[in-house]
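Let's take a walk through a protein model together. Have the 3D view open and turn it around as you read.

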Amino acid sequence: MAIEKAEANLTYLKNEIAKCERRIKKIRDNPDPTKPKSNILLYELERDLRIEQIEAYKTGKPIGVADLGPLTRAMGMVPWDAVMSADRTHGEEAKKYFDTIRKEGMPEHTCDRCSILIPMVLNGDYPKPDLVTTSNWECVPIYLSYVIVAQLLNVPLFNIDRHFMNYNGQMDEEQLKYVTDQLKELIEFAKKKVPGCNYSEDYLAELQDYDRQYLKHFQQLWKLKAAIPCPLSGKESFREIRLADMYPDPAKAVEYMRLYVEEVGERVAKGMGAAQPVERLRFLWSVAGPFYADPFAWLEQRGVAVPAAEMSLYNGWFSGREAIWGDPWRDRKLTPLEEEARQFDYVWGRLGDQWVKSHINSCRDLHLDGIVYFLQWGCPTTNNLGKVVADDVEKELGIPTLLIEGRMLETSVYDEKDFFTKLSDFIEICEARKKGA
């Protein structure tokens, strides 16, 4: 494959730095009163992460993924966030990668983000990792894309096994030890295979504390999301988070979240809502979305708020239903590495009932009237569960679900008129259902 030999130009990281700099300057020079002032800290954090990744690549500091971020940094590595980075490509940038995928004969009908991250890394636009970990609790397309990158670029790969049992905070001591022992093996593997990797338990505990503080603010935010009218725009609700440890300055990440939650609280106190002119309906947006379109602004113009998205395990953390770092564990305190083992859980790979229950819990907590469930091409787990979610939510709560097919980044199959017609019809269904309740 010709692109295997491409030299690193780190174009993606450089473009992200420039984008963040433009946003920071805009907030400083001409702030938008409808958007959080704290966003400036977020863009500074994002910029500094990209600067750190470039410097790590230039100086030889290892870049890698060890599933949860705290362990990555505690092993002396800079986080490799290729999946989330692939999500943020759009327009001509995404088209460029899909052109490469088709030219090189790669599979193009799997999840967009997982398709794109392969040429993004192989082209040198994004740094090659020095270590990759996978697990049987990761979604299959992510798992396979990591394996492909590791094999083509000769990167050390470590797989972690987790028993297939219904988790929901009910991991027992045997399961905890089983995963913890593998994390110990991972640390020794990294020390041997990756120069510069050296585990610090004290640093791991410090990073976990930052993540705990960070998620405690998110738990406050979850309660604010329940306010009517909803104080958040759909774009804000849909924004995929990083944990505090992902950034070079986790203390600054905690401060950003503190200020952001404070601003949202001020909106609630003033009765401010994103939906205009008044909030008529509240939707949960599930799985993914067409990142080349803006359905959230379109919905808000029609009086529909989107207080939350349903992605991965976040809503379990935010609602306090699932343990975060430092929460009680039976009758003893966990070691830092055991804390990582407890969190070794990813919703795309869980058993289906947890995915369904999470939707029901979100709808109850946030007083929602409907679910827009995006049937993302190439996501076998969530696609196959779409009808199950729709049926169970209808049965439990009497709430309708729109199952709408699409792609995240590839635009050739997108029919704007058809997409928004379906949303418009769904609004009518939800309004009729609400009036008849």
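We'll begin with the whole chain and then zoom in on one sheet.

First, keep in mind that this is a predicted model. Scroll along the protein chain and you'll come across 17 helices and eight strands. How is all of that packed? The radius of gyration is 21 Å, close to the 22 Å that the globule rule gives for 437 residues, so the chain is as compact as a globular protein of that length. If you'd like a feel for its dimensions, the C-alpha trace spans about 65 × 55 × 45 Å along its principal axes.

Now for the inside and the outside. Of the 437 residues, 56% count as buried, meaning under 20% relative accessible area. The chain exposes about 18600 Å², and carbon and sulfur atoms supply 52% of that. What about contacts? Take those with a separation of 6 or more: residues 24 or more positions apart account for 79% of them. As for charge, there are 58 positive and 69 negative side chains, and the centres of the two sets lie 3 Å apart.

Time to zoom in. Look for an open sheet of four strands, in the order β2-β1-β3-β4, with parallel pairing. At its edges stand β2 (78-79) and β4 (157-160); each has a single partner strand, so one side of each is left without a neighbour in the sheet. Elsewhere in the sheet, β1 (residues 63-65) runs parallel to β3 (residues 131-135), and two bridges join them. Want a pair to find on screen? Pick Val65, whose bridge partner in β3 is Val132.

Technical notes: Residues are numbered from 1 along each chain as its sequence is written. This is a predicted model: local features need pLDDT of at least 70, side-chain atom pairs count only at pLDDT 80 or more; totals for chains, interfaces and linings use all residues. Side-chain values use heavy atoms; hydrogens and water are left out. The radius of gyration is taken over C-alpha atoms; the globule rule is 2.2 Å times the number of residues to the power 0.38. Buried means under 20% relative accessible area, exposed over 50%, partly exposed in between (1.4 Å probe, protein chains only). Contact means heavy atoms within 4.5 Å. Accessible areas come from the Shrake-Rupley method with a 1.4 Å probe; for residues, only the protein chains shown count as cover. Lys and Arg count as positive and Asp and Glu as negative; His and the chain ends are not counted. The place of a charge is taken as NZ of Lys, CZ of Arg, CG of Asp or CD of Glu. Two strands pair if DSSP finds at least two bridges between them.
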